[in-house]
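Work through the exercises below with the model open. Try each task before you read its solution.

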Amino acid sequence: MKIAIGADHAGFPLKAFLASILGADHEVVDLGTHSTDPVDYPDQAIAVAEAVQQGETDRGIVVCGSGIGAAIAANKVRGVRAALAHDLYSARQSVEHDDANVLCLGGRVVESDFALELAQAFLSARFSGEERHRRRLDKIAQLDKHR
């Protein structure tokens, strides 16, 4: 699987850790930042979201301080379904039920080893395709067309 990953300065250490480990099993495209020098989280969140939107990568992971700002920014890109997940159920279910394609994490919220578990749960999950989930996603897709 090809994964875009990005972070702001608060998420940089966790992003670097995730990229190094996930790179053993996946093709990881690191979209920055590359240090703890201050940057604005929307820049990296949008870069990751656009890589997913344009089909350059299969999924994305964005890390900021809390994960919240990254999720808000990434969800502004049409076709992106970014999920903030700080527990295993949400990381997995966001894909299985909601077909999430971007995972957002808080670098100041989750420890690195648990963040890796979250990322692996997200990346290994598959959309169930059940009618009730497709119906709900169709409604979300309509929002992209009309707003």
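**Exercise 1: two cysteines**

Cys104 is buried, with a relative accessible area of 0%. This comes from a predicted model.

Task: Find out why Cys104 is not bonded to Cys64.

Solution.
- Step 1. Check Cys64: Cys64 is buried too, at a relative accessible area of 3%.
- Step 2. Take the distance. The closest cysteine sulfur to that of Cys104 belongs to Cys64, and it lies 7.3 Å away.
- Step 3. Apply the cut-off: a disulfide needs sulfur atoms within 2.5 Å.
- Step 4. Conclude. The two sulfurs are too far apart for a bond. The structure holds zero disulfides, and Cys64 is in none.

**Exercise 2: helix α4**

Task: State which residues of α4 are buried, and what covers them.

Solution.
- Step 1. Locate the helix: α4 spans residues 88-96.
- Step 2. Pick out the buried residues. They are Ala91, Gln93, Ser94 and Val95.
- Step 3. Look at the cover. It includes β3 (59-64), β4 and α5 (112-124).
- Step 4. Go to the start of α4. There, a side-chain oxygen of Asp87 comes within 3.3 Å of the backbone nitrogen of Tyr89.

**Exercise 3: the largest pocket**

Task: Describe the largest pocket and its lining.

Solution.
- Step 1. Give the volume: about 240 Å³.
- Step 2. Find the centre. Of 15 lining residues, Val80, Arg81, Asp98, Leu137 and Ile140 are the closest to it.
- Step 3. Name the elements. β4 (82-84) and α6 (131-146) each give two or more residues to the lining. The largest share, four residues, comes from α6.
- Step 4. Sort by class: eight nonpolar, three polar and four charged residues.

Technical notes: Residues are numbered from 1 along each chain as its sequence is written. This is a predicted model: local features need pLDDT of at least 70, side-chain atom pairs count only at pLDDT 80 or more; totals for chains, interfaces and linings use all residues. Side-chain values use heavy atoms; hydrogens and water are left out. On a 1 Å grid over the protein atoms alone, a cavity is a set of points where a 1.4 Å probe fits but cannot get out, and a pocket is an open set with protein on both sides within 12 Å along at least five of seven lines; lining residues have an atom within 4 Å of a point. Grid points are joined across faces, edges and corners, and a volume is the space filled by probe spheres set on the points. Ala, Val, Leu, Ile, Met, Phe, Trp, Tyr, Cys and Pro count as nonpolar, Asp, Glu, Lys and Arg as charged, and the others, Gly among them, as polar. Buried means under 20% relative accessible area, exposed over 50%, partly exposed in between (1.4 Å probe, protein chains only). Contact means heavy atoms within 4.5 Å. A polar contact is a pair of N or O atoms within 3.5 Å; within protein, one must be able to donate a hydrogen and the other to accept it, and residues adjacent in sequence count only if both atoms are side-chain atoms.
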